[in-house]
Amino acid sequence: LGFLLLGKKRNQKDYTLEELELLEAFLNQTALAISRALIYRDMSLKDRQIMQAEKMAAIGELAAGIAHEIRNPLGIITGSAETLRKHEDQKIREEMTHFILEESKRINGLITTFLDFARPKEPQLVGCDLREVLEKTLFLLSPKAHTLGVEIKKEIPQKPLQIFIDPDQMRQAFTNIGVNALEAMPHGGVLKVIATESAKGGLMIRFNDTGKGIPKEVRSKVFEPFFTTKEGGTGLGLSIAHQIITQHGGAIMMEEGEEGGSTFTITLPLVSK
């Protein structure tokens, strides 16, 4: 019936059967393309809605985390300020002033950590020797390790481990992982750091501690934002480390250590993806 509505050609001749069949095939393909385009549009809209919902959920989680972490130091600041206003004793006033300054610094540090997580910077890749990044990281960790009675053992090759990374970001990632390992050994232990070339042509770094370990039921959550098993922790240290390593085209995984505790294994490609 549709063909009868076509009428005649512009030269007043009728359409041939072959032309009508070709036109029918063209119309079917056009209808199919339009149908697929509409489906794609609807799917894209749904995907955008899902992404927006996930984004809002992430923002809500971030806001809740900030509120939770800042509430305690704010309470200390408020209480100290009230005490400072009521007492004239110079010693008490100095003590309360000290609390206010310390907790203010703590809040500033928390906000900096949150911003590092919420607004990650693109890595500025340069060629460097990974050994130097590791050595500086371990040097910065040594005072805390000494205080906790933790011995740091390292197995780092003598030859250079050349790689393209952002040294500052990678040092931050290693430091976060190292601090997490040290805090898992409050009564002393051993932190072993091993760097090797991986079989797949990249580099592999292991942080192995002899701490109490992480329960199996929560191991899958260790890189999630705000997840922590430590009192007073922000739960962002490992999340930021994971973020940095992923941005470098690498990967990080956690498993049970050989002598108890935990082992964090980082793999990095020689050239970022």
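The exercises below, each with a worked solution, concern a predicted model of a protein chain.

**Exercise 1. Confidence**

Determine which elements have the lowest and the highest mean pLDDT, and where pLDDT stays under 50.

*Solution.* Begin with the chain as a whole: its mean pLDDT is 79, and 73% of its residues reach 70 or more. Next, consider the elements. Helix α1 (residues 17-86) has the lowest mean pLDDT, 71, whereas β5 has the highest, 93. Finally, examine the start of the chain: over residues 1-5 pLDDT stays under 50, and the model has two contacts for them beyond four places in sequence. Where pLDDT is low, the predicted coordinates should not be read in detail.

**Exercise 2. Strand pairing**

Establish which strands pair with β7 and in what sense, then do likewise for β4.

*Solution.* Start from β7, which spans residues 262-268 and has six of its seven residues buried. Strand β5 (residues 203-209) pairs with β7 in the antiparallel sense over six bridges, and leucine 203 stands opposite leucine 268. Strand β6 (residues 251-256) also runs antiparallel to β7, to which six bridges join it; here alanine 251 faces threonine 267.

Proceed to β4. Seven bridges connect β4 with β5 in the antiparallel sense, with glutamate 197 opposite leucine 203. These two strands form a hairpin with five residues between them, and glycine 201 in the turn has a positive phi of about 95 degrees. With β2, by contrast, β4 pairs in the parallel sense over six bridges, and valine 150 is placed opposite glycine 189.

**Exercise 3. Helix α3**

Describe the span of α3, locate its bend, and state which elements its buried residues pack against.

*Solution.* First, compare the span with expectation: the 19 residues of α3 reach 27 Å from first C-alpha to last, close to the 27 Å expected at 1.5 Å a residue. Second, locate the bend, which is about 40 degrees at serine 142, with proline 143 following within four residues. Third, list the buried residues: Leu130, Arg131, Val133, Leu134, Thr137, Leu138, Leu141 and Ala145. They pack against β1 (126-129), β2 (150-155), β3 (162-165), α4 (167-183), β4 (189-197) and β5. Just after the helix, glycine 149 takes a positive phi of about 75 degrees.

**Exercise 4. Two threonines**

Decide whether threonine 137 and threonine 83 are buried, partly exposed or exposed, and identify the contacts of each.

*Solution.* Threonine 137 lies in helix α3 (residues 130-148). Its relative accessibility is 0%, so threonine 137 counts as buried, the limit being under 20%. Leaving aside neighbours within four places in sequence, threonine 137 is in contact with Arg171, Phe174 and Thr175.

Threonine 83 belongs to helix α1. Because its relative accessible area is 25%, which falls between the 20% and 50% limits, threonine 83 is partly exposed. Not counting residues up to four places away in sequence, threonine 83 touches Ile92 and Met96. Methionine 96 is 13 residues from threonine 83 in sequence, and their C-alpha atoms are 7.2 Å apart.

**Exercise 5. The nonpolar core**

Name the residues of the largest nonpolar core that touch the most other members, and give the contacts of methionine 170.

*Solution.* The largest nonpolar core has 44 residues, of which Leu130, Met170, Phe174, Ile177, Ile205, Phe207 and Ile266 touch the most other members. Turning to methionine 170, and not counting residues up to four places away in sequence, one finds contacts with Val133, Ile165, Ile244, Ile245, His248 and Leu268.

Notes: Residues are numbered from 1 along each chain as its sequence is written. This is a predicted model: local features need pLDDT of at least 70, side-chain atom pairs count only at pLDDT 80 or more; totals for chains, interfaces and linings use all residues. Side-chain values use heavy atoms; hydrogens and water are left out. Buried means under 20% relative accessible area, exposed over 50%, partly exposed in between (1.4 Å probe, protein chains only). Two strands pair if DSSP finds at least two bridges between them. A nonpolar core is a set of buried Ala, Val, Leu, Ile, Met, Phe, Trp, Tyr and Cys residues joined through side-chain atoms within 4.5 Å. Contact means heavy atoms within 4.5 Å. The expected span of a helix is 1.5 Å times one less than its number of residues. The bend at a residue is the angle between axes fitted to the seven residues ending there and the seven starting there. pLDDT is the predictor's confidence in each residue, from 0 to 100.
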